[in-house]
Amino acid sequence: MAAHEPETATDTLLARRQASVSSGVPQGTRIAASHGLGAILTDVDGNDFIDLSSGIGVTTLGHSDPYVVQAIIDQASQLQHTCMHIATYEGYVALCEKLVALFPHGEDTRAVLLNSGSEAVENAIKIARQATGRPSIICFTGAFHGRTLLSMTLTSKVSYKQGCGPFASNVFRLPYPRVREFHDDPDVVAEQALTLLRHAFRDTVSPTDLAAILIEPVLGEGGFYHAPVAYLQGLREICDEHGIALIFDEVQTGFCRTGSWGAYQNLGVTPDLSTWAKAMGGGLPISAVVGKAHVMNAVKTGTLGGTFGGNPIACAAALTTLRRMEELDLCSRAHAVGERLRVRYQQLADAHREVVDVRGLGAMVAIEFCVDGDLTRPATEAVQQILAHCRKNGVLMLSAGVYGNVIRALPALVITDAQLDKALDALHAAADAVLGGSDHE
Ligand SMILES: Cc1ncc(COP(=O)(O)O)c(C=O)c1O
């Protein structure tokens with residue numbers, strides 16, 4: 001900083017961060033947040049950002065929905081904590097009732113509440129292992145399942161786990177059935193990927209040792225690829241044939257993001273177990289495993305739970321968040337937001353040969369960049385520059401993908417059309433600035 005420039009409130013907070021917070025916590029931007037309202041995040045210097053990150057897919061209902069704020073205040077003044085192991089309280093039960101109604105997994109469904117997405121994934125694996133009496137898990141490339149030891153083992157991207165091993169045993173990884181990487185036709189992708197799975201049963205892990213196959217129906221951090229429906233149907237059949245639990249990680253896809261409450265409902269395949277977090281608490285930390293009752297109850301008492309899981313304030317926030325999502329019909333809104341994103345991304349694709357793909361489900365739409373459109377040369381640097389340019393112009397977006405060459409939008413679904421258009425105008429301007437205007441007439 002030049003000597004004459006006064007230090008901003010952002011500079012001060014970032015300096016305090018550097019002096020007190022471990023450098024292991026990622027710092028994707030230099031934004032220092034003060035407050036948020038709806039789709040707008042305001043920094044400590046009073047600058048507004050149209051927030052297309054939603055704190056990584058959490059504030060789907062927008063920042064500080066007034067009904068959620070009131071529910072938190074009311075619950076905090078009534079009961080802030082008692083552990084569900086000690087005393088039963090209504091909020092926990094009501095939230096489980098709501099989740100099993102929203103996410104039926106067959107005739108009889110149960111839920112357990114936890115604190116984070118990682119914890120939900122860990123517990124889904126524990127449940128599957130106890131229910132099947134088997135140790136092994138198949139997961140996928142491109143997956144992000146969290147940062148606790150087992151969930152980190154299941155996470156794919158090397159840079160998130162380097163030096164943290166040894167990892168949990170009995171975890172095997174197959175290529176995620178990515179359309180375009182395997183083939184352009186989703187049915188061909190499904191067939192090839194199912195063949196790989198059957199082959200893995202012979203040369204990698206016996207199906208009789210498998211407790212679960214764990215998959216994100218849409219890769220979140222992995223770049224918004226969604227698995228072909230025929231592949232998920234095939235997984236369902238194979239899991240049924242071999243008594244393997246099928247687990248969908250819906251931590252990022254859940255709660256209206258893909259145009260239905262869960263992506264599995266959009267894709268028409270029901271798992272045995274599913275994991276939920278992020279948008280569920282409206283910003284408070286809470287997560288869940290939901291599943292078929294006979295699987296969820298095939299566990300020894302004492303193997304699930306925790307001091308804070310399903311905290312009363314987080315339950316109150318979640319119940320109100322879900323009610324508001326229903327009232328505002330955010331599933332329908334996700335389709336409209338997704339359509340707007342797609343149209344503007346496609347215009348970018350028409351203008352810049354660097355854009356190699358526009359993909360996603362519902363409002364979960366991403367755009368991928370490669371140098372000169374060459375699929376072997378991910379445009380990681382250009383994407384970082386585009387995102388920095390967007391931030392300079394008041395728009396906050398995230399990258400994704402193994403190479404960080406994908407831009408993903410996770411806006412609050414209460415975002416107005418005008419806000420979304422303004423954000424996408426900024427993205428277009430940023431792409432023109434970084435990629436050098438339009439390639440095509
Ligand atoms: C699909 C998926 N699963 C699990 C997690 C881990 O959730 P958490 O960060 O709450 O532990 C994430 C987080 O981004 C996620 O996207």
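Q: How do you know where Tyr231 lies in this predicted model?
A: The model is predicted. In it, Tyr231 falls in helix H8, which runs over residues 229–242.

Q: Why is Tyr231 called buried?
A: A residue counts as buried if 20 or more other C-beta atoms lie within 10 Å of its own. Tyr231 has 26 other C-beta atoms within 10 Å, so Tyr231 is buried.

Q: What makes a residue a contact of Tyr231, and which residues are in contact with Tyr231?
A: The C-beta atoms of the two residues must lie within 7 Å. Leaving aside neighbours within four places in sequence, Tyr231 is in contact with Pro177, Val189, Ala190, Ala193 and Leu194.

Q: What separates the C-alpha atoms of Tyr231 and Val269?
A: The two residues are 38 residues apart along the chain. Their C-alpha atoms are separated by 9.9 Å.

Q: How do you know whether the length of helix H3 agrees with the expected span?
A: Helix H3 covers residues 66–78 and has 13 residues. At 1.5 Å a residue, H3 should span 18 Å. Its end C-alpha atoms are 18 Å apart, so the two values agree.

Q: Which residues of H3 are buried, and which are exposed?
A: Val68, Ala71, Ile72 and Gln75 are buried. These buried residues cover an arc of only 100 degrees around the axis, which puts them on the same side of H3. On the other side, Pro66, Gln70, Ile73, Asp74 and Ser77 are exposed. For an exposed residue, the cut-off is 12 or fewer other C-beta atoms within 10 Å.

Q: What do the buried residues of H3 pack against?
A: They pack against helix H11 (312–327).

Q: How do you know what helix H13 reaches from end to end?
A: H13 (residues 380–392) has 13 residues. From its first C-alpha to its last, H13 reaches 19 Å. That is close to the 18 Å expected at 1.5 Å a residue.

Q: What puts the buried residues of H13 on the same side?
A: The buried residues are Val383, Ile386, Leu387 and Cys390. They cover an arc of only 95 degrees around the axis, so they sit on the same side of H13. What covers them includes strands S12 (364–369) and S13 (395–396), as well as helix H14 (417–435).

Q: What phi does Gly394 take, just after H13?
A: Gly394 takes a positive phi of about 80 degrees.

Q: Why is strand S10 called mostly covered?
A: S10 runs over residues 287–292, and 6 of its 6 residues are buried.

Q: How do you know which strands pair with S10?
A: Pairing needs at least two bridges between the strands. Strand S4 (residues 109–114) and S10 have 6 bridges, in the antiparallel sense. Strand S9 (residues 273–276) and S10 have 4 bridges, also antiparallel. Since both counts meet the cut-off, both strands pair with S10. In these pairings, Leu113 stands opposite Ala288, and Leu273 has Gly291 as its bridge partner.

Q: What makes S1 and S13 edge strands in the sheet of order S1-S2-S3-S13?
A: This open sheet has 4 strands with mixed pairing. S1 (33–37) and S13 each have a single partner strand, so one side of each is left without a neighbour in the sheet. S1 pairs with strand S2 (residues 40–43) in the antiparallel sense over 4 bridges. There, Gly36 stands opposite Leu41.

Notes: Residues are numbered from 1 along each chain as its sequence is written. This is a predicted model: local features need pLDDT of at least 70, side-chain atom pairs count only at pLDDT 80 or more; totals for chains, interfaces and linings use all residues. Helices (H or I, at least four residues) and strands (E, at least two) are DSSP runs, numbered from the N terminus. The expected span of a helix is 1.5 Å times one less than its number of residues. The arc is that of the directions from the helix axis to the C-beta atoms.
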